[in-house]
Protein chains: 2
Amino acid sequence: MKLSGGVEWGLHCCLSLSQARAPVPAARLAELHGVSPTYLAKHLQALARAGLVRSTQGKDGGYALTRDAAEISLLDVVRAIDGEAPAFRCTEIRQRGPLAAPPSACVRPCAIARAMLAAEDAWRTALADVSIADLAQDVQGDTAGAAMPRLRAWLGGATA
Amino acid sequence: MKLSGGVEWGLHCCLSLSQARAPVPAARLAELHGVSPTYLAKHLQALARAGLVRSTQGKDGGYALTRDAAEISLLDVVRAIDGEAPAFRCTEIRQRGPLAAPPSACVRPCAIARAMLAAEDAWRTALADVSIADLAQDVQGDTAGAAMPRLRAWLGGATA
DNA sequence: CTGAACTCGGATGATTGTTGTCCGAGTTCT
DNA sequence: AGAACTCGGACAACAATCATCCGAGTTCAG
């Protein structure tokens, strides 16, 4: 199983934006995280399409969260960037081969698909229970309260 | 997020093997499920490497489960075919850029990685709680007890 | 009102992983 | 001893991801 690499970037960006009071350009976010500016822009577009961030054009423009960080879950970000398709896709093997089941008996997903999708639901539930605000609080604890003030100061306008 | 397509085949094969009393060749399993014989063989090799099935060569050879179906979880099959690498791979973004955290402060995973890996653990736990034997029982219920006898009869030697 | 600079947005190519296939080594039964 | 059947690993084709560029739109300053 593999998750799109852009998910990590998107989560870090949302976490950073939760500490910003003004729109932040994509290039600034890329500099902050040390990643490719052009490619990060692509993922930010995905966040904008999902309605998680709002883009402002022109001078002093950039990206900003559309709602409070406590109202954005990790699942929202993951679905925006990685897509909403389930990891397990049932190809209805039971309807193929010499012992094929008739379509009339396949109104509900097969037992294998049910178990796999149930596991994915557990995964989604775990992600939905954590918000961007929760992440910010955890980072505060990890860094003895030093990380977020430094981040806010840098976003405020510091060049280095 | 995307799961290897071979996982579905592997699960169906394990379910079928749980009903077999003699080794089943890969070609027979491929015919049963209506999939590519050569590619299915590749995934069966992965199951053999993981120790879930044992291969017997020569005439009347094939694959057989190494232990009771109740002792094989869906997680075992998924890890054998899809690999054990976590879906979310932290690239330590926090150590890059102008606000890079010193390595001394990174002895434990960052808050984002902790949350993502916790969600994956929930997924794995859900998969570990279901065994191949559970699947067989569910299919029995879905088909009013008709599927498994037919499967055993076909595996017994029927040509169609 | 005009101009210019800065921003995002979608369209375009390279690279890695997965999918699918083939042939050779080994083993078992005749 | 022979022959047929089995698995096992090595070899291409496809797709999706990763990465990049240039154009459209907007905002602020003059």
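## Polar contacts with DNA strand D

In this predicted model, a polar side-chain atom of A:Q57 lies 3.3 Å from a sugar or linking oxygen of DNA strand D, a polar contact being a pair of N or O atoms within 3.5 Å. A polar side-chain atom of A:S36 is placed 2.4 Å from a phosphate oxygen of the strand, and an N or O atom in the side chain of B:S55 is 2.9 Å from a phosphate oxygen of DNA strand D.

Two or more residues each are given to the surface near DNA strand D by α3 (37–49) of chain A and by α3 (37–49) and β2 (62–65) of chain B, where helices (H or I, at least four residues) and strands (E, at least two) are DSSP runs numbered from the N terminus.

## The surroundings of the strand

There are 18 residues around DNA strand D, and those that come nearest are A:G5, A:S36, A:Y39, B:S55 and B:Y63; a residue is near the strand if one of its heavy atoms lies within 4 Å of it. Of the strand atoms within 4 Å of the protein, 64% belong to sugar or phosphate, and the rest belong to bases.

## How the two chains are related

Chain A is superposed on chain B by a rotation of 180° with 0.0 Å of shift along its axis, with an RMSD of 0.1 Å, in a least-squares fit on the C-alpha atoms of residues with pLDDT of at least 70 in both copies. That is the relation of a two-fold axis.

## Conventions

Residues are numbered from 1 along each chain as its sequence is written, while chains are lettered from A and ligands numbered from 1 in the order in which they are written. Local features need pLDDT of at least 70, side-chain atom pairs count only at pLDDT 80 or more, and totals for chains, interfaces and linings use all residues, while side-chain values use heavy atoms, with hydrogens and water left out.

Terms used: A polar contact is a pair of N or O atoms within 3.5 Å; within protein, one must be able to donate a hydrogen and the other to accept it, and residues adjacent in sequence count only if both atoms are side-chain atoms.
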